[in-house]
Amino acid sequence: MSQPIVNRVVELKRPSEKYPRHFVPAEINLSDWNQIEPLYQRLLATELNSVHALEKWLLQSAEVGAVIEEEGARRYVAMTCATDDEAAEKAYLQFVEEIVPRLKPYGNQMDQKLIASPFTAQLDQKRYGVLLRSTRNQLELFREENIPLETELDKLSQQYQKLQGAMTVQFRGEERTMQQMGVFMIENDRATRQEAWEATTRKRLENTEALEEIFDTMLKLRHQIALNAGFSDFRAYQFRRFDRFDYTPADCDAFHKAVEEFVVPVNLINLEQRRRALGLESVRPWDGACDRYGREPLKPFDSVEQLVHGCREIFSKVDDRLSKHFDVLIQNGLLDLASRKGKAPGGYQTSLSEIRLPFIFMNAVGLNGDVFTLLHEGGHAFHSLQTVHEPLLAYRSSPMEFAEVASMTMEHIGAPHLEAFYPTPKAARARYDHFQGAIGLLAWIATVDSFQHWIYTHPGHTRKERTDYWVSLMERFMPGVDYTDWEDALRYRWHAQLHIFEYPFYYIEYGIAQLGALQIWRNSKSGVKQAIDSYLAGLSLGASVTLPELFKTAGAKFDFSAATIRPLMEDVRLELEKQAAMEER
Ligand SMILES: [Zn+2]
């Protein structure tokens, strides 16, 4: 590969020739609310006197939305790629503080105008059904009196973040963050792991009372929000809030039961295998993350050029159409992958919504996990590239239950080609860890989800009842780890799961998506080309159809009961056995 891998997002011209503007002036200054507001005023004043006028208005609204969304994304990219660049930070904050909050009331008025139009009923319902269903739903849930309660919740979320973010531990002569302590958890030396785990756990437990207090207040507020909106409990409200029209709490229950029956046993086999390989009497909480044979970490690459080249090779081995998509990212400078000073942590994929190009950010340091991160974010980018033909902004990105199918599938389908980075014994080791991690997460998802179903349908429960119930779920879904002398760590383990505090009920999406991705992976075993045909066809639908239709087009059933999970777990179990027999020791 001759091309150096550099981020050239700032050089990408907008508006592009390919997707010209018809409504937003080319020279608009998007830092200036006085130039943005007239666009919305014009849209709100437009007379929708025919179906044609309504459709044109929808396209104009989508154009404004895409222009603004891209502006936010560009400023976010600039800031995360150089957190030490004060101008970039200022530009981002100016946008989120001065522009974004002013958009919200207009968004609401636009929704009302759409639903109030007599021509809405005459729109092609097949084309606009999903959009109208969601818009109507959000309007129906809106209550003026819930706004101050939402603000209270935001403040409590900030308190939670502050408590979690401020935690540091004095460890081996240095003050370290929780994230920095993570490296000691994968150490091969058991005493080091234990010491690190105990130090961080002791620190976390200092916040127990404060976190319980925050959570109790959140519960009361959420319950009131649900009552205000006419629901009997917050679960019923939140299901509607998330547009969950295609599955119910009973479906989630079926997922929990199937995980208990078919995933937990596979996890227990793996745990027992880990116990024996490590030569332990019992697996303690500090024994879960290290390598089970005490091997040194895998080192797939030295430079990001090698990372990109290797992932490109994997995509091209799976299907030409994928590597062609990946070339769009390389050639347009849409990758910023290397870890360096001044970069924000983590990884993400975002879309430049107006020029319709994806961008991938990550902090590659040369670990096996970096390969999977790029395969994963690559899947998100392919999703974005598959929807460029879609004129409606709202249809260019899918709900999370399907968005993560796009990304997780690339991890599974890419795994057979890890030889692009390693000789087979090392590739097999990476594949084993990957599939084991995927199903380990399913059990954790079931734990977190079950817990929230119980919490929000038992208003008025005591703290003791809550932690007792949590412990019963840990025994049900995550058995086999010995917490002797650290019972409180077990009782309050959920305190570290940010979703429970900040995004209630948002978590099972990952489980649903994983089942979709595993089904497509299974399809690929009997024919990669057909599997990718369906995968790409599903992706290209964006959000224009319902979740069951998206899954069906992509070649998967939208079902998370035993009927789906049981055969998948059998396949995963066989895959783990196969890789374990080939891996390096
Ligand atoms: Zn993702």
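H376 is buried, and H380 is buried too. Both histidines belong to the zinc site of this predicted model, so that is a good place to begin, because the two sit about one helical turn apart in helix α13. From there, the tour moves on to helix α15 and to the packing of α14 with α19.

**The zinc site**
- The zinc ion is coordinated by NE2 of H376, NE2 of H380 and two OE donors of E404, at 2.1 to 2.7 Å.
- Along the chain, these donors follow the spacing H-x3-H-x23-E.
- Helix α13 covers residues 368-386, and H376 and H380 lie four residues apart in it, which means a separation of about one helical turn.
- What makes the arrangement of the four donor atoms irregular? The angles they subtend around the zinc ion run from 52 to 136 degrees, whereas a tetrahedral label would need all angles to lie between 85 and 135 degrees.

**Helix α15**
- Helix α15 takes in residues 424-457, 34 residues in total.
- At 1.5 Å a residue, α15 should span 50 Å, and this agrees with its end C-alpha atoms being 50 Å apart.
- Of the 34 residues of α15, 26 are buried, so the helix is largely enclosed by the rest of the structure.

**Helices α14 and α19**
- Helix α14 (residues 400-414) packs with helix α19 (residues 508-525) at an angle of about 45 degrees, and their axes are 7 Å apart.
- That angle makes α14 oblique to α19.
- The two helices, α14 and α19, cross in a right-handed sense.

Methods. Residues numbered from 1 in each chain as written. Predicted model: local features only at pLDDT ≥ 70, side-chain atom pairs only at ≥ 80, totals over all residues. Heavy atoms only, no water. Donors = N, O, S within 2.8 Å, 3.2 Å for Na, K, Ca; no water. Tetrahedral: all angles 85-135°; square planar, octahedral: opposite > 155°, others 65-115°. Buried < 20%, exposed > 50% of the residue type's maximum accessible area, 1.4 Å probe, protein only. Expected span 1.5 Å × (residues − 1). Axes fitted to C-alpha atoms, helices over the stretch in contact; angles between N-to-C directions. Parallel < 35°, antiparallel > 145°, perpendicular 65-115°, else oblique. Left-handed = near helix turned anticlockwise from the far one by under 90°.
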